[in-house]
Amino acid sequence: MGIVLKGGNVVTATDNFISDVRIENEKIVAIGDNPVQENDEVIDVSGYYLLPGGIDCHTHFDLSVGSTKTADDFTSGTRAAIVGGTTTIIDYATQYKGETLSEALDNQFKKAHDCYCDYGFHMGITDWNDCTREEMALLVNKGITSFKLYMAYKNNLQVDDGVIYQVLKRSKEIGALVTFHCENGDVIDVLVKEAKANKHYEPIYHAKTRPEIVEKEAISRVIHLAKLADAPVYIVHLSTQSGLFEIVNGRKNNITIMAETCPQYLLLDDSYYERDGAKYVMSPPLRKIKDSSALWMGIGSGEIDTIATDHCSFNFKGQKDLGIDDFSKIPNGAPGVEDRLGLIYTYGVLEGKISLSQMVEITSTNPAKIFGLYPQKGTIEVGSDADIIVWDPEYETTIKASHQTQNVDYNPYEGFKRCGRVAYGFLRGKKIVKDGVIINNEPLGKFLQRKPFKGVM
């Protein structure tokens, strides 16, 4: 017995057509006219879009940051993800000082239980030594085929240029991809100390002490090191026009560079620091309107490859407000996994900045290709996992924290109009969501072993 989605508008990164889709045993088994078999459940989805499930390749669930940890764990975070149309997340695990990569991975698996969507991991490297170098290959064999290096958070997560070069060389040997948080942490550390010495403690100084040049410089440095190591790189949460220019110029020199941005850098700007500013403390910080305009253009032209969220939620009360009198003590991060697809559809597709196929490409297909999941994930094809979002394009609502699934007491997009919602959400053929509400409370998410990096198709 299967399920037939009848008469929907199938949208992939390259196609847009009306067809029936039959799913059985977790897979898409037929696309075409009237594939119904005896005892199939038939769902009329005419007038709806059939999208491949979204892939958010940048989340932080159950993340400890000193004296507190994120408001969303893997259970609440993945519930919010699938309600919003995301059926796969790739979360960032972190090797803390003194840990092996294997210990860090074991700790991450202990956290990632009762997931409502499928999941994978990147591994952040903070403690580089001969053991770490050897363990990178071990993790690739376990399906952890991407690593992260932080160029910020001095005396905590930040690594130096020598480590960056060595990790890049090793990644090329073992078929891994290295992702980068690009900010000059040494300069930021000095700017923060200068601001506080001058008695500037307001949240807006989080942005003032992380000016756009610290992102631009770090991206430029990574690109030069990538050329030296002859290795590909992936830039996370790109926030500036000048950083985008560095990436475009690097590609002209035949360096393989992939770039990600996030809804907050497309839809919010630094004026938000004047209103409940602590809510918008994230790294990198919110930028100028000129930057968001440039990023939208970069998406439309294909210069930006993915839109993720960097979902890293902290409650305003009891967490963000701990640093209300000292911006440097505010936990960095904001929620977003639940609203990503709706925001990109509303302010990207409906405003004519991108096509619906481009939305699929940057929120699903490209993440699957870059991070070793395609064509199992990221498309609607015979043989692919039946991760299908039946998208109702006529639905309209206003984003309110009081109505959200994610476990946080505010929403950075409070009051934004949002068009479209998940009429039906399928994870590997199981109906999980109906009309924006979870109807199957069994957490069915599975760990995904990802393939080594082979280059972007």
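In which loop is the place of Asp72? In this predicted model, where local features need pLDDT of at least 70, side-chain atom pairs count only at pLDDT 80 or more and totals for chains, interfaces and linings use all residues, Asp72 sits in the loop between β8 (68-69) and α1 (74-83). Residues are numbered from 1 along each chain as its sequence is written, and side-chain values use heavy atoms, with hydrogens and water left out. Helices (H or I, at least four residues) and strands (E, at least two) are DSSP runs numbered from the N terminus.

Asp72 is buried but has no salt bridge, the nearest side chain of opposite charge, Arg79, being 8.8 Å away. Buried denotes under 20% relative accessible area (1.4 Å probe, protein chains only), a salt bridge is a side-chain nitrogen of Lys or Arg within 4 Å of a carboxyl oxygen of Asp or Glu, and in assigning charge Lys and Arg count as positive, Asp and Glu as negative, with His and the chain ends not counted. A polar atom of the Asp72 side chain lies 2.7 Å from the backbone nitrogen of Asn407.

The largest cavity, a set of points on a 1 Å grid over the protein atoms alone where a 1.4 Å probe fits but cannot get out, holds about 50 Å³ of space, volume being the space filled by probe spheres set on points joined across faces, edges and corners. Its lining residues, which have an atom within 4 Å of a point, include Leu51, Pro52 and Met359, and α12 (356-370) gives the most to this lining, with 4 residues.

Methods
Buried < 20%, exposed > 50% of the residue type's maximum accessible area, 1.4 Å probe, protein only. Polar contact = N/O pair within 3.5 Å; in protein donor to acceptor, adjacent residues only side chain to side chain. 1 Å grid on protein atoms, 1.4 Å probe; cavity = no way out; pocket = protein on both sides within 12 Å on 5 of 7 lines; lining within 4 Å.
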